[in-house]
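The following exercises introduce a protein structure through its sequence and three-dimensional model. Please examine each part before reading the solution that follows.

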Amino acid sequence: MKCKFLFTFVLKLQNSFPIALCVSVPHRNMTKSLLNYFFFYFCFIESLITSQQTLKSNMKKKFQSVFEGITNSGNQTFLNQIYTELYITEGESGEVNNEHEVRQIESVTWKPERPETAIRHEDIFKPSPGRDEPIRTVMTKGVAGIGKTVLTQKFTLDWAEDQTNQDIQFMFPFTFRELNLLKDEQFSLVELVHHFFSETRGISRFEELKVVFIFDGLDESRLPLDFHNNEILTDVTKSTSVDVLLTNLIRGNLLPKAHLWITTRPAAANRIPAEFVGMMTEIRGFTDPQKDEYFTKRFRYKKQARMVISHIKKSRSLHIMCHIPIFCWITATVVEEMLNKKDEEDLPKTLTEMYIHFLVVQTKLKVIKYDGGTETDSHWSPESRKTIESLGKLAFDQLMKRNLIFYESDLAECGIDIRAASVCSGVFTQIFREERGLYQNKVFCFVHLSVQEFLAALHVHLTFIKSGVNVLAKGETKSKVLETRSHGSSEIEIYQSAVDMALESPDGHLDLFLRFLLGLSLETNKRHLGGFVAQTEESLATNKDTAQYIKEKMNNDLCVEKSINLFHCLNELNDQSLVEEIQQSLQTGSLSAHQLSPAQWSALHFMLLSSEKGLETFDLKKYSASEEAFLKLLPIVKSCRKAIITLYPFCPLRLSGCNLSERSCEALSSLLSSTTSSLRDLDLSNNDLKDSGVKLLCSGLMSPDCELEILRLSGCLITEEGCAALASALTVNPSHLKELDLSFNNPGQAGKESLAALLKNPSFKLESLSMEPAGERWLTPGLRKYSSPLTVDLNTVSRLLKLSDGNRKVTRGEEEQPYPDHPDRFDLCQLLCTDGLTGRCYWEVEWGGRIYVSVSYRGINRKGVNDDSWFGFNDKSWSVICSDDGYTVWHNGRKAFVPVSTSSVYGRVAVYVDCPAGTLSFFRVSSETLIHIYTFNTKFTEPLYPGFIWSAVESAFNVKLLAS
Ligand SMILES: Nc1ncnc2c1ncn2[C@@H]1O[C@H](COP(=O)(O)OP(=O)(O)OP(=O)(O)O)[C@@H](O)[C@H]1O
């Protein structure tokens, strides 16, 4: 058809309704009908704009304030005033997570595997780099109280206030909680929208509009969401059940161009098949700076904010929990009330303490606000006791059934009638909240799952104190407990059964409950509850027994998460023994893998992860030079480069001389190829990795995600084959590795050439390649390849020492020996060997009695009996003292290590020194195995000389130099 007239209108009526019309009119007569058409069209646009503006204005009113449990008392908290940016990440993982939700926030530091791209909330639908197509469905998961609802609220409010996402024409925020109430109703999609958003009643089609549907709280959905069996529906005007509507909307059968945002707690994320989720995001909570920001916003006075921040930083448990915004709010509520009356020192330090104060604050508020009482009146009136008791029972019963939301019938089961419940929720608004759904149905929930867990634990205590019944016991045992109560053994049974129950739960849903239960058993905490919970006599002894029981459980092979929770439990019981043990070992030197029990391992994990300073370099030898230790500490190795708390992304990984084998290479390879690995510097020297280990490592090295710059493989038993594997891995991934150390291996001519060629090739980043010394000699396993024979320097030998066995054995003599005068001779009972060491050297000696095995600069003082000449007591020498008290390491008069007693008066020690690297290591030798004692890291400025001291006049004290 030929075009006679062509009208082109480009109208921009309103930001979100840009209209471009390009109309060709085939005939002049058609102009009238065209104008008619425009008239109707503009009316339609105008009605859209009006609907949008009314909707925005209503949303502004609805979402400008946030529910914080105080709506009933008339106060308002403005969202924009308190809103603190959250750390949201994009992650592909749609995996089901069965862990307890509160514990997951702690374990974020343990799971840095998933890809991490931080996203700002307003960009949730924007395509991420490398992805062009728009995202239809975004799912955001996050644990209870992490801020999912607040986030969707902020997203909607920003839109309604014309701040962000103005290309979106309509936003429809739904909650599953409300949708549950329409479970048995029939609607078309359009009717459902009209039902909740009456402002849009003038609009009958949404296909051509840019709309966003938000569905908050999938975990609370009581709709079946049966994606497999629900009928297919494509007509937005056809009536059906809400469940069918939702499954079809999510599948994209209805409104395929709409955007969907679904939020959920992690455990329910899999209720929507992964194929219908375009992008998975996760709210990780507040980072450390965001926690500070939250408290700074929350408190009117800066001084108060500073005090709270410094207080929570002192307490590990509180600081971790403040990742969760709702816990920040609980902390702020409690601290605000207490700061007026108490010093910072008296503020709650453990989780249980914090929740007890929360309860006390709420109960006091009730006395003042609702009962007309004053601050000095007792807050534990019979009514408030009764209320707390009923809530406790409800909390416990529902927790055992895993219910977080309760209906009238649930309350009736606990003997709470609906009227009383309304009173509870009206009075203790911050503890128990009443949700009013459509049609005035009432649903109840605790303001946070942790509050339910706390009240449930309180219920267990109260029931036991009142009636002697252990509500955790089943059937017969319950009454047995009642009988045995008088014998004083039943209280501990409660704690033991709670520990067992928590350990049996696969998803840890009783973990926090257990922490509270144990926390409540402390006398100090009972005192905080001031008479509400009676004190029992045997508590102190019981606590000790419970702590012992927990430690025994920790020695069973538990998963990391479980033992971490038990560790928190010990903290609640005020039992610091495990931490102290580890702290002492760390302060004084090294930990041996063979000495650590599983419980101590958890303690070490916990302490490393909680280190406030973070890890700048991870040096495995500091903890334990063993493969077992490496594999156990791998989560920390990973977390030291990606974590919310300790962010040192480029920390070098020192694993030299740690007895690692192929097993570790596999783990390292996956670390190198993980998308989140920011490992740049890896030192694997002096591990017997062999070619097979290097090949495994190469698969990580060639991954496009590996950005390693420095790799040290010196003394790793590598031959031509390993070098070839390295050369081909670098050919695949040539752009990162700058430094490769392959000295003390046997690369052969071919190996040397293949790698040297890369050095010359400009397309490779490689700048430094060390391959000397090289040769067959370096294929001897372990450090013995560096063996160097020792020769006693006869001019240095004290006259108190006697030589025998061709000068290889030295004994403390009873009489002075007639050695000639010499300026190098020691007055002290010690000697030095002849050759000054400058490279890598290793030697072994047998000792008997009490002997110092040392290295020293030649310039050490020879005359007189003073610290200047005594090995280990000046800055020129280093010693390990070997005796039946154990091994102690000394330098410059300072003791570096106090290990457990050896209770043996003779033994074998090995010394390894790498002069250029500045490392000096001492080992105990037990059936040819080297057990690491201590490593000094320093800078040697002169050649080193091996030496020995005999510290007492005992002829049995001797040193035997072992042949290499
Ligand atoms: N970004 C934020 N800034 C300030 N406070 C916040 C923020 N997010 C959450 N909060 C606080 O935490 C409380 C709980 O948040 P919210 O209800 O959004 O959690 P949720 O993840 O939806 O939890 P649930 O899964 O239990 O429904 C809020 O009432 C508010 O006090």
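**Exercise 1.** How many bridges join strand β27 to strand β28, and in which sense, parallel or antiparallel, do they run?

*Solution.* The structure is a predicted model.
Step 1: β28 covers residues 877-883, and 6 bridges join β27 to this strand. The two strands run antiparallel.
Step 2: Within this pairing, Tyr852 has Ile881 of β28 as its bridge partner.
Step 3: β27 also pairs with β34 (residues 945-950), again in the antiparallel sense and over 6 bridges. There, Ser856 stands opposite Tyr945.

**Exercise 2.** Determine which residues of β27 point each way, and whether they are buried or exposed.

*Solution.* Step 1: Ile851, Val853 and Val855 point one way from the strand, while Tyr852, Ser854 and Ser856 point the other way.
Step 2: All of these residues are buried. The strand, residues 851-856, is accordingly described as mostly covered, with 6 of its 6 residues buried.

**Exercise 3.** Explain why strand β12 is largely enclosed by the rest of the structure, and identify strands that pair with it.

*Solution.* Step 1: β12 spans residues 259-264, and 6 of its 6 residues are buried, so the strand is largely enclosed by the rest of the structure.
Step 2: One side carries His259, Trp261 and Thr263, and the other carries Leu260, Ile262 and Thr264; both faces are covered.
Step 3: β7 (residues 137-141) is joined to β12 by 5 bridges and runs parallel to it. Thr137 has Leu260 as its bridge partner in β12.
Step 4: β10 pairs with β12 in the parallel sense over 4 bridges. Here Phe215 is matched with its bridge partner Ile262 in β12.

**Exercise 4.** Which residues of helix α6 are buried, and against which elements do they pack?

*Solution.* Step 1: The buried residues are Leu189, Val190, Leu192, Val193, His194 and Phe196.
Step 2: These make up 6 of the 8 residues of α6 (residues 189-196), so the helix is largely enclosed by the rest of the structure.
Step 3: The elements against which the buried residues of α6 pack include β8 (170-175), α5 (176-180) and α7 (242-251). β9 (186-187) and β10 (211-216) also belong to this list.

**Exercise 5.** Where is Gly775 found, and is this residue buried or exposed?

*Solution.* Step 1: Gly775 lies in the loop between β22 (768-770) and β23 (801-804).
Step 2: Its relative accessible area is 18%. Buried means under 20%, so Gly775 is buried.
Step 3: Gly775 touches Asn745 and Asn746, residues up to four places away in sequence not being counted.
Step 4: Gly748 is 27 residues from Gly775 in sequence, and their C-alpha atoms are 7.4 Å apart.

Terms used: Residues are numbered from 1 along each chain as its sequence is written. This is a predicted model: local features need pLDDT of at least 70, side-chain atom pairs count only at pLDDT 80 or more; totals for chains, interfaces and linings use all residues. Side-chain values use heavy atoms; hydrogens and water are left out. Buried means under 20% relative accessible area, exposed over 50%, partly exposed in between (1.4 Å probe, protein chains only). Two strands pair if DSSP finds at least two bridges between them. Contact means heavy atoms within 4.5 Å.
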